[in-house]
Amino acid sequence: MPLAEVDARAALLSRTCRKYLVPTGLLPTLFAGAGERSGVLTIDGQHVFRYSSTYLDTPDLGTFHDHRRGRRLRFKARVRAYVDTGTRVFEVKLEGTRGVTDKVRMAYDGPADRLTPRTRAFVDDVVGAYGMDPPDRLAASAVTDYRRSTVVAFSGEERVTVDTGLVGYRDGRCVRMRPDLALLEVKTRGGLTPTERRLHEHGHRAVGFSKYGAVLASLEPGLRGHRWHRAMRSCLGAPAEVGPGEGPWA
């Protein structure tokens with residue numbers, strides 16, 4: 001399925017998202033027969049793509065702590081790079097009512113590690129309209145790299161992203177997701193989807209997990225009491241120093 005059709009059928013920039021940690025060996029069974037009702041995002045014959053997200057936070061990690069505490073009004077700011085296509089966007093994710101997430105984004109070709117006058121104005125406008133006071137300062141706090149495939153229902157009912165090879169970076173250290181696990185994110189505007197029903201049949205339930213939250217909690221000493229602790233322990237390895245030539249898509 002080409003990108004234009006994915007966006008037409010299931011852009012779902014305002015949606016509910018539930019996450020599942022699944023053994024990679026289950027994926028063929030999980031999606032068996034899905035071709036009759038779904039398509040896979042494909043660009044130039046490729047269907048697995050590299051993503052890199054640079055998260056921006058306040059000096060005291062305010063957006064992390066708002067998420068950890070489950071604050072009703074909260075946001076995340078990040079620069080997302082679609083590595084294989086060379087496309088980048090600046091994105092603000094807003095937590096809406098009843099667990100619905102809204103995304104507001106703009107095309108971007110500036111630095112990933114800090115705000116520019118253009119992105120400063122964008123954050124001020126989006127966060128202010130949302131009902132929060134925009135923070136005085138935002139700077140890069142962590143980077144997440146991973147590979148993603150996207151399965152989209154022809155009906156537009158759901159979009160399922162399959163993320164593997166997650167690596168998180170902060171201050172010269174990194175943490176990796178176990179290679180035998182995949183993170184599935186089921187995005188929908190409704191209740192349980194067909195993919196989720198199959199996941200339940202195989203004994204898998206949604207988990208509390210945030211790439212940014214789990215990576216930051218793993219790599220920043222002293223961050224405790226976070227809501228992703230159980231899922232994080234089951235899927236992430238031990239933190240390590242970043243070696244020569246390593247780093248975000250080095």
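Helices (H or I, at least four residues) and strands (E, at least two) are DSSP runs, numbered from the N terminus. This report concerns two such helices in a predicted model, where local features need pLDDT of at least 70, side-chain atom pairs count only at pLDDT 80 or more, and totals for chains, interfaces and linings use all residues. Residues are numbered from 1 along each chain as its sequence is written, and side-chain values use heavy atoms, with hydrogens and water left out.

Helix H3 (residues 62-69) is mostly covered, with six of its eight residues buried (under 20% relative accessible area, against over 50% for exposed and partly exposed in between; 1.4 Å probe, protein chains only). These six are Gly62, Thr63, Phe64, His65, Asp66 and His67. Their cover includes strand S3 (49-57), strand S4 (75-82) and helix H6 (211-219), judged by contact, that is, heavy atoms within 4.5 Å.

Helix H4 (residues 117-130) buries Thr119, Arg120, Phe122, Val123, Val126, Val127 and Tyr130. These residues lie on the same side of H4 because they cover an arc of only 160 degrees around the axis, the arc being that of the directions from the helix axis to the C-beta atoms. The face turned away from that buried side carries the exposed residues Pro117, Asp125 and Ala129. Among the elements covering the buried residues of H4 are S4, strand S5 (87-95) and strand S6 (100-107).

Each helix is followed by a glycine with a positive phi.

| Helix | Glycine after the helix | Phi |
|---|---|---|
| H3 | Gly70 | about 70 degrees |
| H4 | Gly131 | near 110 degrees |
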